[in-house]
Amino acid sequence: MELKINDNAPDFSLPNQDNAEISLKDFRGVWVVVYFYPKDKTPGCTQEACDFRDGLEEFSKLGVTILGISPDSPKTHQSFIEKENLNFTLLSDKDKVALKAYGAFGLKKLYGKEYEGVIRSTFLINPSGKIAFIWKNVKVKGHIQAIKEKLEELQSLPS
């Protein structure tokens, strides 16, 4: 079942880079950007993470928490955070439970071959835990700006 805007965001509890359990429900009352990415330390994923890192101050001013999720281990996340000086939480979804719940894992095509993998996706979740916006098959360039613009637009609407 494909998630849509205004659906309840599927809850998850996953280990972060320090092996501490983090649950989406812990963030009720604030905006959350949950972004799914294929692999730590690869060019596109590094660029995306660094864009979030560089934009974190602006996201914080908008009252937003950033959570990155990939199938990588907490240990790999820790090393990625140290290498790139990342300033937000990365969660490990080795069993792909959250990835599948959000439709961020499935059939992909590369050079004519089909395979299963992580579909780069971002979900904006509002303070009441509902999906406010979805980006699928994300292109990294310009993505952070698009999230900020959508967030500012949604936050300016009368509630």
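In which sense do strand β8 and strand β9 pair, and over how many bridges? Keep that in mind as you open the model, which is a predicted one.

**Stop 1: the β8–β9 hairpin**

Select residues 121-125 for β8 and residues 131-135 for β9. The two strands pair in the antiparallel sense, and four bridges join them. To follow the pairing by eye, click on isoleucine 125, whose bridge partner in β9 is isoleucine 131. Then try leucine 124, which stands opposite phenylalanine 133 in β9.

Now show the turn. Five residues lie between β8 and β9 in this hairpin. Pick out glycine 129 there: its phi is positive, at about 85°.

**Stop 2: the other neighbour of β8**

Next, add β3, residues 31-36. β3 also pairs with β8 in the antiparallel sense, here over five bridges. Leucine 124 is a handy landmark again, since valine 33 stands opposite this residue.

Stay on β8 and turn on its side chains. In a regular strand, side chains alternate between the two faces of the sheet. In β8, Ser121, Phe123 and Ile125 point one way, while Thr122 and Leu124 point the other way. Are these residues buried or exposed? All of them are buried. Because five of the five residues of β8 are buried, the strand is largely enclosed by the rest of the structure.

**Stop 3: the nonpolar core**

Select Phe52, Ile66 and Phe88 together. Within the largest nonpolar core, which has 25 residues, these three touch the most other members. To see where the core comes from, colour β3, α1 (43-61), β4 (64-70), α2 (74-84), β9 and α4 (143-156); each of them supplies at least two residues. Which element gives the largest share? That is α1, with five residues.

**Stop 4: two cysteines**

Show the sulfur atoms next. How many disulfides does the model have? The count is zero, with a disulfide taken as two cysteine sulfurs within 2.5 Å. Cysteine 45 is in no disulfide, and the nearest cysteine sulfur, that of cysteine 50, is 11 Å away. Cysteine 50 is likewise in no disulfide, its nearest cysteine sulfur being that of cysteine 45. Cysteine 45 is buried, with a relative accessible area of 1%. Cysteine 50 is buried as well, at 9%.

**Stop 5: the cavity**

A search of the whole structure finds one cavity of 30 Å³ or more. The largest cavity has a volume of about 40 Å³. To find this cavity, select the residues that line it: Leu24, Phe27, Arg28, Gly29, Val30, Val32, Ile125, Asn126, Pro127 and Gly129. You have already met Ile125 at the β8 strand and glycine 129 in the hairpin turn. By class, the cavity lining divides into six nonpolar, three polar and one charged residue.

**Stop 6: the pocket**

For the last stop, switch to a surface view and select Pro38, Lys108, Tyr115, Val118, Ile119, Arg120, Asn137, Val138, Lys139 and Val140. These residues line the largest pocket, which holds about 260 Å³ of space. Colour them by class and you should find six nonpolar, one polar and three charged residues.

Definitions and conventions: Residues are numbered from 1 along each chain as its sequence is written. This is a predicted model: local features need pLDDT of at least 70, side-chain atom pairs count only at pLDDT 80 or more; totals for chains, interfaces and linings use all residues. Side-chain values use heavy atoms; hydrogens and water are left out. Two strands pair if DSSP finds at least two bridges between them. Buried means under 20% relative accessible area, exposed over 50%, partly exposed in between (1.4 Å probe, protein chains only). On a 1 Å grid over the protein atoms alone, a cavity is a set of points where a 1.4 Å probe fits but cannot get out, and a pocket is an open set with protein on both sides within 12 Å along at least five of seven lines; lining residues have an atom within 4 Å of a point. Grid points are joined across faces, edges and corners, and a volume is the space filled by probe spheres set on the points. Ala, Val, Leu, Ile, Met, Phe, Trp, Tyr, Cys and Pro count as nonpolar, Asp, Glu, Lys and Arg as charged, and the others, Gly among them, as polar. A nonpolar core is a set of buried Ala, Val, Leu, Ile, Met, Phe, Trp, Tyr and Cys residues joined through side-chain atoms within 4.5 Å.
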